[in-house]
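Here are my notes on the chain you sent, set out point by point. They begin with the long helix and go on to the cores, the cavity and the pockets.

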Amino acid sequence: MDQPTVGILHPGSMGAAVAACATTNAAAVLWCETGRSTASAARAARFGLTPVAELAELLDRSDIVISLCPPAAAEDLARDVAGHRFAGVYVEANAINPERAQRIAALLEPAATVVDGGVVGSPPVRGKTPTLYLSGPVGETERIKALFAGTAVRTAVLGTKVGQASALKLSYAAFQKTSRVLVALAVGMAREHGVDQELIEVASRRTDSYLAEPEYVAKTAARAWRWGPELEEAADTLAAAGLPPEMLRAAASTLARWHDAKDSELTLTDALDQLAQP
């Protein structure tokens, strides 16, 4: 297969690094200078990307376009691309929800073919190897896999439906990023009472991720009647320390959906079904 020309939209720290990996198997990787900062220009130059003056030129020359931008800008950017009647493969790789990914596909099709993407991991620099999850038409997902073959960007195809890759990305991000915030709250609470080092020592005895233990969700449901009030107490403690309590109150509200599961023997499926019922 001939090497494609690739366009990267809004080459930020992730986008530029991903685009740099694409240069391995592409004829060229283009980016549009118009409206971009000097920092973006320096980053693009460092990663060996080829500048073009206008979006129209990038779209006219590109066989594949990759959109990696702040989530809020994803649909506006797709509308701009749709306005130019781009007819290649559009990789929607932003951290957006599946419904938005599907709306973007509707904007661009049938002129373009849309592949849903989600990057899990850090930018591919200094030995980092993120995974670009893909979903969409089989032929096009295979083209994107080939584009990144042998590079620091790993690829994995989830299926043929636009929205699957976005769903995986946000499911993981919901856990990973909220967990970091919970760490800040827990350590902040402990520090207020002079026991932060002891908290870290307690936590260091366990290194596994709760996300790798979904079977424990059923046990959580059975204990929700106790855990919810405990989190309310913790939220009060955060508030007294001048720290934001809303996240723990939201967790307590979630646990309240399992109130009727008190000390029961549930399966994971049972627990998740109950959680989905308001």
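1. This is a predicted model. In helix α7, the residues that count as buried are A165, S166, K169, A173, L185, G188, M189 and A190. One of these is a lysine, K169.

2. The length of α7 can be checked. The helix runs over residues 164-192, and at 1.5 Å a residue its 29 residues should span 42 Å; the C-alpha atoms at its ends are 42 Å apart, so the expected and modelled spans agree. Just after α7, G194 has a positive phi of about 70°.

3. Overall, the chain has 11 helices and eight strands. Its C-alpha atoms fill a box of roughly 60 × 40 × 35 Å along the principal axes. Of its 278 residues, 39% count as buried. Taking contacts between residues at least 6 apart in sequence, 62% join residues at least 24 apart.

4. The largest nonpolar core holds 27 residues, and I66 and F148 have the most contacts inside it. Two or more residues come from each of β1 (5-9), α1 (13-22), β2 (28-32), β4 (64-67), β5 (89-92), β6 (113-120), β7 (131-135) and α6 (138-147). The biggest contribution to this core is that of α1, with six residues. As background, nonpolar side chains in soluble globular proteins tend to be buried together.

5. Which residues does F148 contact, leaving aside its neighbours within four places in sequence? They are V18, C21, A22, N25, I66, L132, V153 and T155. I66, on this list, shares with F148 the place of having the most contacts inside the largest core.

6. Another core, of 24 residues, lies apart from the largest one. L30, L55, A105 and A112 are among its members.

7. How many cavities of 30 Å³ or more does a search of the whole structure find? There is one. The volume of the largest cavity is about 30 Å³. V18, I66, L68, A93, V119, L132 and F148 line this cavity, and the lining divides into seven nonpolar residues, with no polar and no charged ones. Three of the names recur from point 5: V18, I66 and L132 line the cavity and are in contact with F148.

8. The largest pocket encloses about 2,300 Å³ of space. It is lined by 42 residues, of which F175, S179, L182, Y210 and W227 are the closest to its centre. Elements giving two or more residues to the lining are α7, α8 (196-203), α9 (216-240), α10 (246-255) and α11 (268-275). Helix α7 supplies the largest share, 13 residues. By type, the lining has 29 nonpolar, eight polar and five charged residues.

9. The second largest pocket has about 210 Å³ of space. Its lining is made of 14 residues, and those closest to its centre are M14, L68, C69, A93 and A95. Helix α1 gives the largest share of this lining, three residues. The lining divides into eight nonpolar, five polar and one charged. L68 and A93 are among the residues closest to the centre of this pocket, and both also line the largest cavity.

Terms used: Residues are numbered from 1 along each chain as its sequence is written. This is a predicted model: local features need pLDDT of at least 70, side-chain atom pairs count only at pLDDT 80 or more; totals for chains, interfaces and linings use all residues. Side-chain values use heavy atoms; hydrogens and water are left out. Helices (H or I, at least four residues) and strands (E, at least two) are DSSP runs, numbered from the N terminus. The expected span of a helix is 1.5 Å times one less than its number of residues. Buried means under 20% relative accessible area, exposed over 50%, partly exposed in between (1.4 Å probe, protein chains only). A nonpolar core is a set of buried Ala, Val, Leu, Ile, Met, Phe, Trp, Tyr and Cys residues joined through side-chain atoms within 4.5 Å. Contact means heavy atoms within 4.5 Å. On a 1 Å grid over the protein atoms alone, a cavity is a set of points where a 1.4 Å probe fits but cannot get out, and a pocket is an open set with protein on both sides within 12 Å along at least five of seven lines; lining residues have an atom within 4 Å of a point. Grid points are joined across faces, edges and corners, and a volume is the space filled by probe spheres set on the points. Ala, Val, Leu, Ile, Met, Phe, Trp, Tyr, Cys and Pro count as nonpolar, Asp, Glu, Lys and Arg as charged, and the others, Gly among them, as polar.
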